[in-house]
Amino acid sequence: MSIDATLYGEGIALVTVAGELDVETAPELHHRLADQIRGGRRHLLLDLSAVPFMDSSGINALLKAHDAAGHAGGGVCLVAPAPVVQRVLDLTGVSLAIPSVADVDAALVHIGEGTARH
């Protein structure tokens, strides 16, 4: 698995994940997302387009990031999850808590709308 972060303005990070998100790789994602939040990025845009598989450990990492970002006054938005990953998110109810959008531009709009409400 690979994880790359790109800063998008103040307090926003695009985190691109590639590879399977499972019991072996989810802890690394959790730590990298926590580092982003500790570093002042309260809005996390997670590009999951190159994640072909995600198990409950991956779901747990996403939910922990969602909670931490929420406590920091921000949020998490998923970008272009693969259809099989989106299905897991829908079946588990995660998609009710963490929105998914088609691309980075839509995620930035979503975050902008979210911050305008505060």
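User: What places T6 in strand 1?

Analyst: T6 falls within residues 2-7, the run that makes up strand 1. Strands are DSSP runs of E with at least two residues, helices are runs of H or I with at least four, and both are numbered from the N terminus. Keep in mind that this is a predicted model, where local features need pLDDT of at least 70 and side-chain atom pairs count only at pLDDT 80 or more, while totals for chains, interfaces and linings use all residues. Residues are numbered from 1 along each chain as its sequence is written, and side-chain values use heavy atoms, with hydrogens and water left out.

User: Why is T6 called partly exposed?

Analyst: Buried means under 20% relative accessible area and exposed means over 50%, with partly exposed in between (1.4 Å probe, protein chains only). T6 has 38%, so it goes in the middle class.

User: Which residues does T6 touch, leaving out those up to four places away in sequence?

Analyst: T6 touches I12, A13 and L14. Contact here means heavy atoms within 4.5 Å. As for T16, its C-alpha atom is 8.2 Å from that of T6, with the two positions 10 residues apart along the chain.

User: Moving on to the loop between strand 2 and helix 1, why does G19 count as partly exposed?

Analyst: G19 has 21% relative accessibility, so it misses the buried class and counts as partly exposed. Its loop runs between strand 2 (12-18) and helix 1 (26-38). Outside its sequence neighbours within four places, G19 is in contact with M1, A50, V51 and P52. I98 is another story: the C-alpha atoms of G19 and I98 are separated by 20 Å, and the two are 79 residues apart along the chain.

User: And E20, what makes it partly exposed?

Analyst: Its relative accessible area is 43%, so E20 is partly exposed. E20 sits in the loop between strand 2 and helix 1. Beyond four places in sequence, E20 touches M1, T25, P52 and F53. From E20 to D55, 35 residues along the chain, the C-alpha separation is 8.7 Å.

User: Why is V23 called exposed?

Analyst: V23 comes in at 57%, so the label is exposed. V23 is also placed in the loop between strand 2 and helix 1. Its contacts, apart from neighbours within four places, are with D55 and S57. V23 and A61 are 38 residues apart in sequence, with 10.0 Å between their C-alpha atoms.

User: What stands out about the phi of A80?

Analyst: It is near 50°, a positive value in a residue other than glycine. A80 is in the loop between strand 4 (75-79) and helix 3. At 24% relative accessibility, A80 gets the partly exposed label.

User: How do you know that Q86 makes a polar contact with S100?

Analyst: A polar contact is a pair of N or O atoms within 3.5 Å; within protein, one must be able to donate a hydrogen and the other to accept it, and residues adjacent in sequence count only if both atoms are side-chain atoms. The side chains of Q86 and S100 meet at 3.0 Å, and the pair is listed as a polar contact. Q86 lies in helix 3 (residues 83-92), and its contacts beyond four places in sequence are P81, S95 and S100.

User: Zooming out, how many helices and strands does the chain have?

Analyst: The chain has 5 helices and 5 strands, in the order β-β-α-β-α-β-α-α-β-α.

User: Why is the chain called as compact as a globular protein of that length?

Analyst: Its radius of gyration is 13 Å, close to the 13 Å that the globule rule gives for 118 residues, so the description fits. The radius is taken over C-alpha atoms, and the rule is 2.2 Å times the number of residues to the power 0.38. Those C-alpha atoms fill a box of roughly 35 × 25 × 20 Å along the principal axes. Of the 118 residues, 42% count as buried. Among contacts with a separation of 6 or more, 66% join residues 24 or more positions apart.
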